[in-house]
Amino acid sequence: MTLSISSAFDAGNIRLLGVDGQRADLEIVRDRESDFYQWFHFRVTGAAGGPVTLRILNCAGSAYPDGWPGYAACVSEDRQTWVRAATRYADGVLTITHAPAGDALWVAYFAPYSLERHHDFVARIAQREGVSLESLGNTLDGRDIDLLSIGDGPLQVWLYARQHPGETMAEWWMEGALERLTDVADPVARSLRRKARFHIVPNMNPDGSFRGHLRTNAAGVNLNREWHAPSLERSPEVHHVLERMKRTGVDFAMDVHGDESIPHVFLAGFEGIPERNDAQGRRYRRYVETLERLSPDFQTRHGYPAAPPGKANLSMSTNQLANRFGCIAMTLEMPFKDNLDLPDPVEGWSPGRSKALARDCLAALHELIDDLR
Ligand SMILES: [Zn+2]
């Protein structure tokens with residue numbers, strides 16, 4: 001059998017350059033109207049009976065070339081369980097070698113989270129007690145921007161993910177968060193729902209997700225550089241979410257992401273915003289300390305450098321929300337690679353670990369929620 005490679009499906013991305021026996025040469029396709037690329041997701045058939053070698057040739061020009069050293073690609077034969085394959089990076093070429101048992105092999109940058117899965121998940125959660133679902137508006141491709149709401153308390157908590165659509169671990173995190181919050185037997189969830197109203201956008205960028213983008217929407221716009229001045233023409237996703245935030249107010253906000261390079265879980269705060277107040281900084285530090293105590297997957301030694309006073313980038317949601325609402329806001333980053341303090345050589349960072357982290361993030365919120373009033 002000859003190798004066949006395709007990516008013409010939900011969240012697919014690859015370009016086939018050529019096949020030579022059991023080896024294929026490939027390229028990642030740029031986000032539409034953009035130079036960003038790093039997300040890949042494709043199917044290989046005709047692979048049974050021996051190892052296949054998949055070479056992605058254009059990695060040196062990708063958005064985060066630092067993301068490739070130490071990285072191992074995700075593969076699956078049943079599209080449910082994703083494990084890491086033998087992967088090498090040298091001279092701008094990522095070489096993935098794997099010997100599947102069956103005829104078909106799926107390969108991705110991280111365990112995919114398709115738009116179909118998003119709809120299945122949102123439909124399932126929306127049926128649970130006390131949950132409401134609405135569309136905040138439409139994307140440029142005409143998709144709904146889904147908002148799930150739950151809880152009766154006076155505090156306004158916003159959780160949102162996948163501004164960068166290739167960071168699929170962010171929506172796996174959302175599954176963990178929403179499953180916990182809607183568990184009627186979970187005392188942390190019961191208490192949180194009494195103290196707060198949760199506004200949850202599990203996928204800020206459905207167009208980019210479906211198109212197989214790394215970082216941008218259908219117009220090639222990085223949504224996390226639009227929060228100072230979102231527009232219906234460029235960034236309706238941000239426009240609609242921010243308009244709703246202005247109506248509800250925001251006491252606590254978490255923006256969920258994945259980081260290509262750093263092999264750890266970390267938070268980025270809002271240091272450097274012009275309107276910073278002491279209570280904000282104290283509450284944020286308390287949240288960080290609490291999460292570090294609760295989750296062995298979370299740490300504070302590795303992360304992004306803090307912006308100097310007055311130098312925060314207000315086009316990013318965390319800074320914009322902390323500055324505008326005086327709330328505590330944060331960007332959660334999970335690795336594409338692994339948490340090197342607690343590595344898993346089989347799966348690396350994974351959907352299951354993203355979901356477990358989400359449960360601990362809610363527990364940490366519960367510990368300080370009375371201090372947010
Ligand atoms: Zn991101």
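## Getting started

Helices here are DSSP runs of at least four residues, numbered from the N terminus. With that in hand, here's a tour of a protein chain in a predicted model.

Take Gly220 as a starting point: this glycine sits in the loop between helix H4 (206–211) and H5. We'll come back to Gly220 after a look at the whole chain.

## The chain as a whole

The protein chain has eight helices and 17 strands. Its radius of gyration is 20 Å, close to the 21 Å that the globule rule gives for 373 residues, so the chain is as compact as a globular protein of that length. If you lay the C-alpha trace along its principal axes, it spans about 65 × 45 × 40 Å.

A good share of the chain is tucked away: buried residues make up 58% of the 373. Sequence-distant partners also turn up a lot. Of the contacts with a separation of 6 or more, 76% are between residues 24 or more positions apart.

## Surface and charge

What does the outside look like? The accessible surface comes to about 14,600 Å², and carbon and sulfur atoms account for 47% of that.

As for charge, there are 41 positive and 50 negative side chains in the protein chain. The centres of the two sets lie 3 Å apart.

## The annotated domain

UniProt, in an unreviewed entry, places the feature "domain: Peptidase M14" at residues 111–372. That span is 37% helix and 18% strand, and its end C-alpha atoms lie 35 Å apart.

## Helix H7, mostly under cover

How many of the nine residues in helix H7 are buried? Seven of them are, which leaves this helix (residues 317–325) mostly covered. The buried set runs through Ser317, Thr318, Asn319, Gln320, Leu321, Ala322 and Asn323.

The cover comes from several parts of the chain. Among the helices involved are H5 (236–248) and H6 (278–294). Strands pitch in as well, including S13 (155–161), S15 (252–259), S16 (266–268) and S17 (328–335). Just after H7 comes Gly326, whose phi is positive, near 65°.

## His302, a loop residue

Between H6 and H7 there's a loop, and His302 lies in it. Is His302 buried or partly exposed? At 32% relative accessibility, His302 counts as partly exposed, because buried means under 20% and exposed over 50%.

Which residues does His302 contact, leaving aside neighbours within four places in sequence? They are Ile262, His264 and Phe266. His264 is 38 residues away from His302 along the chain, yet their C-alpha atoms are separated by 6.9 Å.

## Back to Gly220

Now for that glycine in the loop between H4 and H5. Gly220 is buried, with a relative accessible area of 19%, which is under the 20% cut-off.

Once neighbours within four places in sequence are set aside, Gly220 is in contact with Arg32, Glu33 and Ser34. Asp35 makes a nice example of how the chain folds back: Gly220 and Asp35 are 185 residues apart in sequence but 8.4 Å apart in space, C-alpha to C-alpha.

## Asn58, another buried loop residue

Asn58 has its place in the loop between strand S5 (52–56) and strand S6 (74–76). Its relative accessible area is 14%, so Asn58 is buried.

What does Asn58 touch, not counting residues up to four places away in sequence? The answer is Leu26, Glu27, Ile28, Tyr37 and Gly92.

Notes: Residues numbered from 1 in each chain as written. Predicted model: local features only at pLDDT ≥ 70, side-chain atom pairs only at ≥ 80, totals over all residues. Heavy atoms only, no water. UniProt positions renumbered as here; feature names shortened; annotations may be inferred. Helix = DSSP H or I, 4+ residues; strand = E, 2+ residues; numbered from the N terminus. Rg over C-alpha atoms; globule rule 2.2 N^0.38 Å. Buried < 20%, exposed > 50% of the residue type's maximum accessible area, 1.4 Å probe, protein only. Contact = heavy atoms within 4.5 Å. Areas by Shrake-Rupley, 256 points an atom, 1.4 Å probe, with all protein chains shown as cover. Lys, Arg positive; Asp, Glu negative; His and termini not counted. Charge placed at Lys NZ, Arg CZ, Asp CG, Glu CD.
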